[in-house]
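Reader: I should like a close look at a single part of this model, described in some detail and set within the chain as a whole. Please begin with any definition that the description requires.

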Amino acid sequence: MYVHMSSHLVIMASKEINEDYPVEIHEYLSTFENSIGAVDEMLKTMMSVSRNELLQKLDPLEQAKVDLVSAYTLNSMFWVYLATQGVNPKEHPVKQELERIRVYMNRVKEITDKKKAGKLDRAAASRFVKNALWEPKPKNASKVANKGKSKS
């Protein structure tokens with residue numbers, strides 16, 4: 001799928017602008033080809049390391065993130081492929097798959113946000129509140145303080 005589409009674009013981009021497609025879209029096709037090249041480079045980099053080797057270096061939450069991003073990326077690429085083949089991806093099951101992955105991505109984000117949130121130290125908070133509250137002095141406190149002072 002990718003190789004066919006990419007090689008077709010490379011052939012189109014390497015030729016001078018011709019009558020096969022409107023001149024107005026040449027810049028869009030060139031940009032698209034450059035983007036496909038960038039994706040290809042990223043995939044090569046990702047594929048150069050074995051999945052097990054990569055996942056061993058990550059904690060379970062990071063592993064879930066890698067898996068979800070990978071699944072979302074592949075399904076997004078399939079979405080683009082469908083569009084290039086004249087199939088409406090909004091009416092294809094790939095749409096539901098992308099939504100399902102997005103739900104899991106949001107769950108992972110919630111878990112990450114909870115981990116980042118500060119934890120409450122109840123004992124410290126209790127001491128802070130207790131010391132911050134105003135306490136009235138006992139009525140005898142002024143008399144006791146004055147007793148020690150001598151009248152001159």
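Author: The expected span of a helix is 1.5 Å times one less than its number of residues. With that definition in place, the part chosen here is helix α4 of a predicted model, which covers residues 60-84. Helix α4 has 25 residues, and the distance from its first C-alpha to its last is 36 Å, close to the 36 Å expected at 1.5 Å a residue.

The setting of this helix is as follows. The chain contains 7 helices and 0 strands, and its elements, read from the N terminus on, run α-α-α-α-α-α-α. Of the 152 residues in the chain, 12% are buried. Among contacts with a separation of 6 or more, 52% are accounted for by residues 24 or more positions apart. The accessible surface of the chain is about 12,900 Å², and carbon and sulfur atoms hold 59% of that area.

The two ends of α4 may be taken in turn. At the start of the helix, a side-chain oxygen of Asp59 comes to within 3.0 Å of the backbone nitrogen of Leu61. Just after the helix, Gly86 adopts a positive phi of about 85 degrees.

Between these ends, the buried residues of α4 are Leu61, Leu68, Asn75 and Leu82. They pack against α5, which spans residues 94-116.

Asn75 merits separate attention. The relative accessible area of Asn75 is 18%, and this residue is therefore classed as buried, the cut-off being under 20%. Its side chain reaches the backbone oxygen of Ala71 at a distance of 2.8 Å. When residues up to four places away in sequence are not counted, Asn75 touches Val94, Glu97, Leu98 and Ile101. Asn75 thus has both a side-chain approach to the backbone oxygen of Ala71 and a place among the buried residues of α4 that pack against α5.

A site elsewhere in the chain offers a contrast with buried Asn75. Phe128, Val129 and Leu133 make a nonpolar surface patch of about 340 Å². Leu133 belongs to the loop between α6 (122-132) and α7 (141-147). Because its relative accessibility is 56%, Leu133 counts as exposed, the cut-off for that class being over 50%. The polar residue Asn75 is thus buried within α4, whereas Leu133, part of the nonpolar patch, is exposed.

Key
Residues are numbered from 1 along each chain as its sequence is written. This is a predicted model: local features need pLDDT of at least 70, side-chain atom pairs count only at pLDDT 80 or more; totals for chains, interfaces and linings use all residues. Side-chain values use heavy atoms; hydrogens and water are left out. Patches are made of residues with over 30% relative accessible area and no salt bridge: like charges are joined within 9 Å, nonpolar side chains (Val, Leu, Ile, Met, Phe, Trp, Tyr) within 5 Å. Accessible areas come from the Shrake-Rupley method with a 1.4 Å probe; for residues, only the protein chains shown count as cover. A salt bridge is a side-chain nitrogen of Lys or Arg within 4 Å of a carboxyl oxygen of Asp or Glu. Helices (H or I, at least four residues) and strands (E, at least two) are DSSP runs, numbered from the N terminus. Buried means under 20% relative accessible area, exposed over 50%, partly exposed in between (1.4 Å probe, protein chains only). Contact means heavy atoms within 4.5 Å. A polar contact is a pair of N or O atoms within 3.5 Å; within protein, one must be able to donate a hydrogen and the other to accept it, and residues adjacent in sequence count only if both atoms are side-chain atoms.
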